[in-house]
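Reader: I should like to go through the assignments made for this protein and hear the grounds for each of them.

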Amino acid sequence: MTVVVKLGGSVVTEKDEPETLDEAAIERAARAVASADEEVVVVHGGGSFGHHYATRHGVSRTDGTADALAVREIHGAMKRLNDAMVEALADAGVTAVPVHPLSAGARDGEGQLDLPTGQVRTMLGEGFVPVLHGDVVAHVGAGATIVSGDELVVALATGVDADRVGLCSAVPGVLDADDDVIDRIDAFEDVAAVLGGSDAADVTGGMAAKVRTLLDLDTPASIFALADLRSFFEGERPGTLVAGGDDES
Ligand code: IP8
């Protein structure tokens, strides 16, 4: 079994305070990853690291920059967060190794992400846990744009033929107008009316973009809170199931 799990930036950082880790949440997440007995690929979001610099430089998934300093600052912040994540995972006993999307992938002129995953598959085969992160990538005709952790999850799930996908978020799932967790989403139209933006600076579009991205995936994806990460690794499907593709479950 191969699992791709994303740890949201608002879970692992204090999203309103520039470059501030949520150490307790990171340690809890690392212990849950350590409890997994399948192959795991970890992706983490940008939180107060990447989004802070992306906002400052006016860079998003569609608005690019030709400024190399902006690219270095956004990527540098994400590398600092990735170092902290890899270290916390290693401390918990996970065979974590970093993978930086800026050095691996790029977007074509239509904005399609090309992320080769051969190295990630080899890492899994050799017993490593690759740890990727939302990043800035070169983009044909636009300089460089942001790639979100959710887009990486979709590319990786396909590339490593994942059996399960989980997104650990600051909320217990996708919430309806009464703040109850929606059990299952089969199409964006089902939830378009209730999905707003996100609370803090988020250049990749919040929950609406997350659901749209996950609906593109053939593997069903669960969105849940940190408290449910361990149960996800135990095989449960907490929170909201985004049943893209032709899932019958
Ligand atoms: O938090 C965004 O990744 P996300 C990464 O998964 C950057 O949307 C660099 C802002």
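Author: The exchange below takes several of these assignments in turn, and the model under discussion is a predicted one.

Reader: Which residues does UniProt place under the feature "binding site"?

Author: The unreviewed UniProt entry puts that feature at His51 and Gly149. They span 99 residues in sequence, yet no two of their C-alpha atoms are more than 11.8 Å apart, so they gather at one spot.

Reader: Where does His51 lie, and why is His51 called buried?

Author: His51 belongs to helix H3, which covers residues 47–56. The relative accessible area of His51 is 9%, and the term buried applies under 20%. His51 is therefore classed as buried.

Reader: What makes Gly149 buried, and which residues is Gly149 in contact with beyond its neighbours within four places in sequence?

Author: Gly149 has a relative accessible area of 3%, to be set against the limit of under 20%; Gly149 is therefore buried. The residue lies in helix H6, residues 149–159. Apart from neighbours within four places in sequence, Gly149 is in contact with Lys6, Val43 and Gly134. Contact here requires heavy atoms within 4.5 Å.

Reader: Why is strand E9 described as largely enclosed by the rest of the structure?

Author: Strand E9 comprises residues 164–169, and six of the six are buried, so the description follows. In a regular strand, side chains alternate between the two faces of the sheet. In E9 both faces are covered: Arg164, Gly166 and Cys168 are buried on one side, and Val165, Leu167 and Ser169 are buried on the other.

Reader: How do you know that E9 pairs with E1 and with E11?

Author: Pairing requires at least two bridges between two strands. Strand E1 (residues 2–7) and E9 have five bridges, in the parallel sense, and Cys168 in E9 is the bridge partner of Leu7. E9 and strand E11 (residues 221–225) are likewise parallel, over five bridges; there, Leu167 has Ile223 in E11 as its bridge partner. Both pairs therefore satisfy the requirement of at least two bridges.

Reader: What makes E5 and E8 the edge strands of the open sheet of four strands?

Author: The order of that sheet is E5-E4-E7-E8, with mixed pairing. Strand E5 (113–114) and strand E8 (143–147) each pair on one side only, and they are accordingly its edge strands. Helix H4, residues 68–91, packs on the sheet and touches E7 and E8; the direction of H4 makes about 145° with that of E7.

Reader: How do you know that E4 and E7 pair?

Author: Strand E4 (residues 106–107) and strand E7 (residues 135–139) share two bridges in the parallel sense, and the criterion is at least two. The pair therefore meets that criterion. Ala106 stands opposite Ala138 in E7.

Reader: Which residues are the closest to the centre of the second largest pocket, and what gives the most to its lining?

Author: That pocket holds about 360 Å³ of space. Of its 13 lining residues, Arg61, Arg107, Gln112, Leu113 and Glu151 are the closest to the centre. Helix H6 gives the most to the lining, with three residues.

Reader: Why does Gly206 count as buried?

Author: Gly206, found in helix H7 (residues 206–215), has 12% relative accessibility. The cut-off is under 20%, and Gly206 therefore counts as buried.

Key
Residues are numbered from 1 along each chain as its sequence is written. This is a predicted model: local features need pLDDT of at least 70, side-chain atom pairs count only at pLDDT 80 or more; totals for chains, interfaces and linings use all residues. Side-chain values use heavy atoms; hydrogens and water are left out. UniProt positions are given in the numbering used here, feature names are shortened, and annotations may be inferred rather than shown by experiment. Buried means under 20% relative accessible area, exposed over 50%, partly exposed in between (1.4 Å probe, protein chains only). Axes are lines fitted to C-alpha atoms, for helices over the stretch in contact, and angles run from 0 to 180 degrees between N-to-C directions. On a 1 Å grid over the protein atoms alone, a cavity is a set of points where a 1.4 Å probe fits but cannot get out, and a pocket is an open set with protein on both sides within 12 Å along at least five of seven lines; lining residues have an atom within 4 Å of a point. Grid points are joined across faces, edges and corners, and a volume is the space filled by probe spheres set on the points.
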